[in-house]
Amino acid sequence: QVQFVESGGGLVQVGGSLRLSCAASLRTFATNDMGWYRQAPGKEREFVARITWSGGSTYYADSVKGRFTISRDNAKNVVYLQMNSLKPEDTAYYYCNRPRLWGGSDGWDAWGQGTLVTVSS
């Protein structure tokens, strides 16, 4: 069973930065696209970013484009999300998973516990 362990969240002020990490227990990690998702309190989970298996292409939700950067290290089975210029609306639990549909909010595998990002104004 695939497991994801997200880390790196915390409390940050508006305009600050955080770097999230997601370690995946997935033998085929290096041949799978990976995605980051988030869920704010009382809201549906939403797509944030996606990176192709090779790391050669990345895609972002319009709300984070230009501020967030997704990257990966296939040797370590880890995907990262660098978040800059954080806004209060970025406050959410952040999760990683293998994307099921392009731009959708579903993943192929069970969700991890996520990591909480809180942006204070």
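Six strands form an open sheet here, in the order β2-β10-β9-β4-β5-β6 and with mixed pairing. The edge strands are β2 (10-13) and β6 (58-60), each of which pairs on one side only. From one strand to the next, the twist averages 25°. Please keep in mind that this is a predicted model. Below you will find the strand pairings, then the salt bridges, and finally two loop residues with unusual backbone angles.

**Strands and their pairing**

- As background, the strands of a sheet pair through backbone hydrogen bonds, in either a parallel or an antiparallel sense.
- At one edge of the open sheet, β6 pairs on one side only; its antiparallel pairing with β5 (residues 46-51) runs over 3 bridges.
- Within that pairing, I51 has T58 in β6 as its bridge partner.
- Strand β1 (residues 4-7) runs antiparallel to β3 (residues 18-24), and 4 bridges join the two.
- For a handle on that pairing, look at S7, whose bridge partner in β3 is S21.
- In a regular strand, side chains alternate between the two faces of the sheet.
- Strand β1 has F4 and E6 on its covered face, while V5 and S7 are on the uncovered one.

**Salt bridges**

- The structure holds 6 salt bridges, and three of them are described here.
- Side chains of opposite charge can pair when their charged atoms come close.
- R38 and E46 form a salt bridge in which the closest N and O atoms are 2.6 Å apart.
- The two partners differ in exposure: R38 is buried, with a relative accessible area of 5%, whereas E46 is partly exposed at 36%.
- R67 and D90 form another salt bridge, with 2.7 Å between the closest N and O atoms.
- Because R67 lies in the loop between β6 and β7 and D90 in the loop between β8 and β9, this pair ties together parts that are 23 residues apart in sequence.
- Both of these partners are buried: R67 has a relative accessible area of 10%, and D90 has a relative accessibility of 0%.
- D109 and R98 also form a salt bridge, their closest N and O atoms being 2.7 Å apart.
- Both D109 and R98 lie in the loop between β9 and β10 (115-120), so their pairing ties together parts that are 11 residues apart in sequence.
- D109 is buried, with a relative accessible area of 13%, and R98 is buried as well, at 18%.
- Salt bridges that share partners join R38, E46, R67 and D90 into one network.

**Loop residues with positive phi**

- Most residues other than glycine have a negative phi, and that is why a positive value is worth a look.
- N77 is not a glycine, yet its phi is positive, at about 55°.
- You can find N77 in the loop between β7 (68-73) and β8 (78-83).
- S85 is not a glycine either, and its phi is positive too, at about 50°.
- The loop between β8 and β9 (92-97) holds S85, and D90 of the salt bridge with R67 lies in the loop between β8 and β9 as well.
- With a relative accessibility of 41%, S85 counts as partly exposed.

Notes. Residues are numbered from 1 along each chain as its sequence is written. This is a predicted model: local features need pLDDT of at least 70, side-chain atom pairs count only at pLDDT 80 or more; totals for chains, interfaces and linings use all residues. Side-chain values use heavy atoms; hydrogens and water are left out. Buried means under 20% relative accessible area, exposed over 50%, partly exposed in between (1.4 Å probe, protein chains only). Two strands pair if DSSP finds at least two bridges between them. Axes are lines fitted to C-alpha atoms, for helices over the stretch in contact, and angles run from 0 to 180 degrees between N-to-C directions. A salt bridge is a side-chain nitrogen of Lys or Arg within 4 Å of a carboxyl oxygen of Asp or Glu.
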